[in-house]
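Trainee: I have a model open on my screen and would like to learn how to read it. Could you take me through it step by step?

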Amino acid sequence: MSHTAHVPYFWQTELWQRCHSWQQQQRLPHALLLSGPAGLAKQVFAKHLIQSWICEQPNATCEPCQQCRSCGWWQQENHPDVCLIQATEATIPIAKVRELEAWLSLKPQHSVKRIGLILQPQYMTRSASHALLKTLEAPPAHGLFILVSDAKPLLLPTVRSRCVNLDFVCPTIAHSVNWLNSQYQYLPSDCEMALKYAYGAPMRAKQDLDSGHMKQVAQCIGELLSAIEGKKSLPKLIEQFIKLSAQSGLYYIYDCLKDLAWLVIGQTQAPVMHRHKLHTLQHMAHSLSGAQIVALLDQWHQLQYELLEFPGKNITLGLESLLLNWQAALKR
Ligand SMILES: [Zn+2]
């Protein structure tokens with residue numbers, strides 16, 4: 001974890017305060033469901049919340065002290081009143097849920113509650129979901145379930161409704177750009193593109209910036225546009241895309257076509273993903289009509305469909321035809 005930014009992150013502060021008002025009023029719920037898109041640090045939040053709830057002397061803002069016996073056990077990952085289950089091989093079997101329930105029904109050894117953390121509960125099998133539902137209908141007196149999910153709609157509606165729901169929401173792009181720039185010194189233009197690729201989730205954007213993935217994306221986009229402009233060999237670009245993965249190549253093409261569509265209908269600012277190439281894109285958009293963009297997007301969808309229907313299919317010819325049509329449209 002970074003030394004500069006820490007939990008709760010700025011998009012989590014309201015939820016953090018809500019959780020701690022329950023603690024202050026000594027009415028913790030029996031079950032909590034933390035959900036929202038990936039990349040909002042929900043899991044980190046949940047773990048920090050648990051530590052602050054089991055800490056023997058949290059500070060005024062409910063931060064754990066890091067020094068008491070409970071915090072010590074927590075740091076060594078063997079607190080007697082906390083148990084974690086998560087999916088292995090994308091499934092959570094009923095046995096694991098039953099085990100957790102039996103354990104939660106026992107009296108806590110050291111804390112006010114026993115806490116069972118279930119990561120990505122949407123992977124529970126049907127029978128596991130029903131077992132959990134039964135327990136949620138008559139929860140153990142000293143037990144607290146915390147569910148953390150990136151895909152809440154996949155949970156049983158009855159499970160969702162028996163939990164107190166904490167919905168994590170992506171902050172605005174502007175706020176996140178500001179945060180990534182001030183905390184981690186990334187250039188605002190890089191942050192903006194990373195956030196658009198991450199659908200607005202700041203931690204996902206940060207990860208893509210940290211790993212150098214965004215640099216690779218920017219480079220691919222640059223090469224794609226150069227090839228369309230005739231400054232780089234088209235077959236070479238296609239070879240490069242296929243090597244990377246046909247799917248990634250297709251996504252890059254789609255994102256550029258989408259930018260062009262925005263520009264063609266006169267939207268120059270906010271929605272455009274590749275602002276670092278705005279000049280080139282604007283130049284292209286100038287010679288394209290709406291109908292041409294739609295035709296290119298249609299062709300793109302056909303290719304995407306083929307790839308989904310027949311994974312591993314060689315789409316070199318399809319890609320070539322799409323990019324040649326794109327070039328031809330610019331010359332008309
Ligand atoms: Zn403590």
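Mentor: We will start with the whole chain, then turn to the sheet, a pair of helices and a single exposed residue. Keep in mind that this is a predicted model.

Trainee: How many helices and strands are there in the chain?

Mentor: A count of elements is a good first look. The chain has 15 helices and 5 strands. Its C-alpha trace spans about 75 × 45 × 30 Å along the principal axes. Of the 332 residues, 35% count as buried.

Trainee: What do the contacts in the chain say about residues at least 24 apart?

Mentor: Here you look at which parts of the sequence meet in space. Taking contacts between residues at least 6 apart in sequence, 67% join residues at least 24 apart.

Trainee: Now the sheet, please. In what order do the strands lie, and is the pairing parallel or antiparallel?

Mentor: Read a sheet from one edge to the other, and then ask about direction. The 5 strands form an open sheet in the order β2-β3-β4-β1-β5, and the pairing is parallel. Strands β2 (82–86) and β5 (164–167) are the edges, each pairing on one side only. From one strand to the next, the twist averages 15 degrees.

Trainee: Which bridges join β1 to β4?

Mentor: Bridges tell you how two strands are lined up. Strand β1 (residues 31–35) and strand β4 (residues 143–149) run parallel and are joined by 5 bridges. To find the register on your screen, start at Ala-31, whose bridge partner in β4 is Phe-145. Then go to Leu-33, which has Leu-147 as its bridge partner in β4.

Trainee: What joins β4 to β3, and β1 to β5?

Mentor: Follow each strand to its other neighbour. Strands β3 and β4 run parallel, with 6 bridges between them, and Leu-119 has Val-148 of β4 as its bridge partner. Strands β1 and β5 also run parallel, with 4 bridges. At this pairing, Ser-35 stands opposite Asp-167 in β5.

Trainee: Which residues of β4 and β1 are buried on each face?

Mentor: Side chains of a strand can be sorted by face, so to speak, and each face checked for cover. In β4, 7 of its 7 residues are buried. One side holds Gly-143, Phe-145, Leu-147 and Ser-149, and the other Leu-144, Ile-146 and Val-148. Strand β1 is mostly covered too, with 5 of its 5 residues buried. Its two faces carry Ala-31, Leu-33 and Ser-35 on one side and Leu-32 and Leu-34 on the other.

Trainee: Which strands does helix α2 lie across?

Mentor: Look for a helix lying over the sheet, then compare directions. Helix α2 (residues 42–54) lies across β1, β2, β3 (114–119) and β4, and runs at about 160 degrees to β4.

Trainee: How do α8 and α9 pack?

Mentor: For two helices, read the angle, the distance and the hand. Helix α8 (residues 188–197) packs against helix α9 (residues 202–210) at an angle of about 120 degrees, with the axes 8 Å apart. That angle is why α8 counts as oblique to α9. Their crossing is right-handed. On the α8 side the contact uses Asp-190, Cys-191, Ala-194, Leu-195 and Tyr-197, while α9 brings Pro-202, Ala-205, Asp-208 and Leu-209. By class, the contact has 7 nonpolar, no polar and 2 charged residues.

Trainee: Which residues of α8 are buried, and what do they pack against?

Mentor: Burial and packing partners are best read together. Asp-190, Cys-191, Glu-192, Met-193, Ala-194 and Leu-195 are buried in α8. The buried residues of α8 pack against α7 (173–184), α9 and α10 (213–228). After α8 comes Tyr-199, with a positive phi near 50 degrees.

Trainee: One last case: does Gln-75 count as buried or exposed, and why?

Mentor: Count the neighbours around the residue. Gln-75 counts as exposed because it has 12 C-beta neighbours inside 10 Å, and 12 or fewer is the cut-off for exposed. This residue is found in helix α3 (residues 69–75). Gln-75 and Gln-51 are 24 residues apart in sequence, yet their C-alpha atoms are 9.1 Å apart in space.

Definitions and conventions. Residues numbered from 1 in each chain as written. Predicted model: local features only at pLDDT ≥ 70, side-chain atom pairs only at ≥ 80, totals over all residues. Buried ≥ 20, exposed ≤ 12 C-beta atoms within 10 Å, placed from the backbone. Contact = placed C-beta atoms within 7 Å. Axes fitted to C-alpha atoms, helices over the stretch in contact; angles between N-to-C directions. Parallel < 35°, antiparallel > 145°, perpendicular 65-115°, else oblique. Left-handed = near helix turned anticlockwise from the far one by under 90°. Nonpolar A, V, L, I, M, F, W, Y, C, P; charged D, E, K, R; others polar. Pairing = 2+ DSSP bridges.
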